[in-house]
Amino acid sequence: MFPRLGFGLGLRLPHYQDVLEGDPHVDWWEVISENFLVAGGNPRRVLRAVRERWPVALHGVSLSIGSVDPVDEDYLGRLAALVAEIEPPIVSDHLCWSALAGHAAHDLWPLPYTEEALALVEGKVRQVQDRLGRRILLENPSSYVTFAASQLSEAEFLAEVARRADCGILLDVNNIYVSSTNHGWDPAAYLAAMPPARVGQIHLAGHSDHGTHLLDTHDHPVCDAVWALYGEALARFGNVTSMLERDEAIPPLAELVDELDRARRIASDPAGVVSARPEAARG
């Protein structure tokens, strides 16, 4: 249902020159869609140059698919134009809401997991997919609160959205670990609830530990417990397209490529990863 691209990195500004002038051991790149919606300028120039050599996936943060606000048609039109030019193998966004009454925020807030929310998200995903002429993938968010009104678990909700809307799932393994630790969920049960055919991509990232909770900050290397959970995910879903995110405290490109190579090694023998998820048991 979705292409197998291998192992990718997020294309970030500090690495533009190294990427364009070098040949890093990276199979594909992912970019934040919103950073490239303007047709001109250096970001779009860099994107075109990278696209000539590698596949480039688009990952959005502004779709706000769970908001009661209608889909932003201007944003969707600009995204459709970027998709038409870049021809990305994967287009994704988040299962969240980030706008209300026309006001947008930079946070990715979770939804109440109810039948009403299911119907809302399904309709909006179908609208977006019809406009783009392709399936999109939705990523599970990291979360720090839950809703008393929820009738389904987050994993059940995400799986049902994918089934009803005929879309894919971008499974963020770090977010599963963060949310499971924060709420006392079982990350293995989360993986078990995911329909394998719908999982089209995996994200890996680091987080920070604040004692009472974990925070999805993308400013640390991937921890051993998340690597172990990644091995469990690959054992269930196969060698899914995987990507390493780093958005703060960004190290040299070579350091990230070395970290990405760890994902390659785990993918070659996912059963060999030692399970180490003790923090997820607290809640």
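**Notes on the barrel and its helices**

1. A good place to start is the pairing of strand β2 (residues 28-32) with β3: the two run parallel and are joined by 4 bridges. Within this pair, I32 sits opposite H59 of β3. Keep in mind that you're looking at a predicted model.

2. Follow the chain from β2 and you meet helix α2 (residues 41-51), then β3; together these elements form a right-handed β-α-β unit. The pattern comes up again one step on, where β3, helix α3 (residues 73-86) and β4 make a right-handed β-α-β unit.

3. Now for the other neighbour of β3. Strand β4 (residues 91-94) pairs with β3 in the parallel sense, over 2 bridges, and here L58 faces V91 of β4.

4. Which residues of strand β3 are buried on each side? V56 and L58 are buried on one side, while A57 and H59 are buried on the other, so both faces of β3 (residues 56-59) are covered. As a rule, side chains in a regular strand alternate between the two faces of the sheet.

5. Step back and the strands join into a closed barrel of 8, in the order β1-β2-β3-β4-β7-β8-β9-β12, with parallel pairing. From one strand to the next, the twist averages 30 degrees. Further round, strand β7 (residues 137-139) pairs in parallel with strand β8 (residues 168-172) through 3 bridges; L137 has G168 of β8 as its bridge partner.

6. Helix α3 deserves a look of its own. Its 14 residues span 20 Å from first C-alpha to last, close to the 20 Å expected at 1.5 Å a residue. Buried in α3 are Y75, L76, L79, A80, L82, V83 and I86. Why do they lie on the same side of α3? Because they cover an arc of only 165 degrees around the axis.

7. What does that buried side of α3 touch, and what is on the face turned away from it? The buried residues pack against α2, β3, β4 and α4 (115-132). The face turned away carries D74 and A84, which are exposed.

8. Two more helices are worth finding on screen. Helix α8 (residues 224-237) lies across β1 (7-10), β8, β9 (199-204) and β12 (242-244), and it runs at about 170 degrees to β9. Helix α9 (residues 253-268) lies across β1, β2, β9 and β12, at about 150 degrees to β1.

Key. Residues numbered from 1 in each chain as written. Predicted model: local features only at pLDDT ≥ 70, side-chain atom pairs only at ≥ 80, totals over all residues. Heavy atoms only, no water. Buried < 20%, exposed > 50% of the residue type's maximum accessible area, 1.4 Å probe, protein only. Pairing = 2+ DSSP bridges. Right-handed = clockwise from strand over helix to strand, strands pointing away. Axes fitted to C-alpha atoms, helices over the stretch in contact; angles between N-to-C directions. Contact = heavy atoms within 4.5 Å. Expected span 1.5 Å × (residues − 1). Arc of directions from axis to C-beta.
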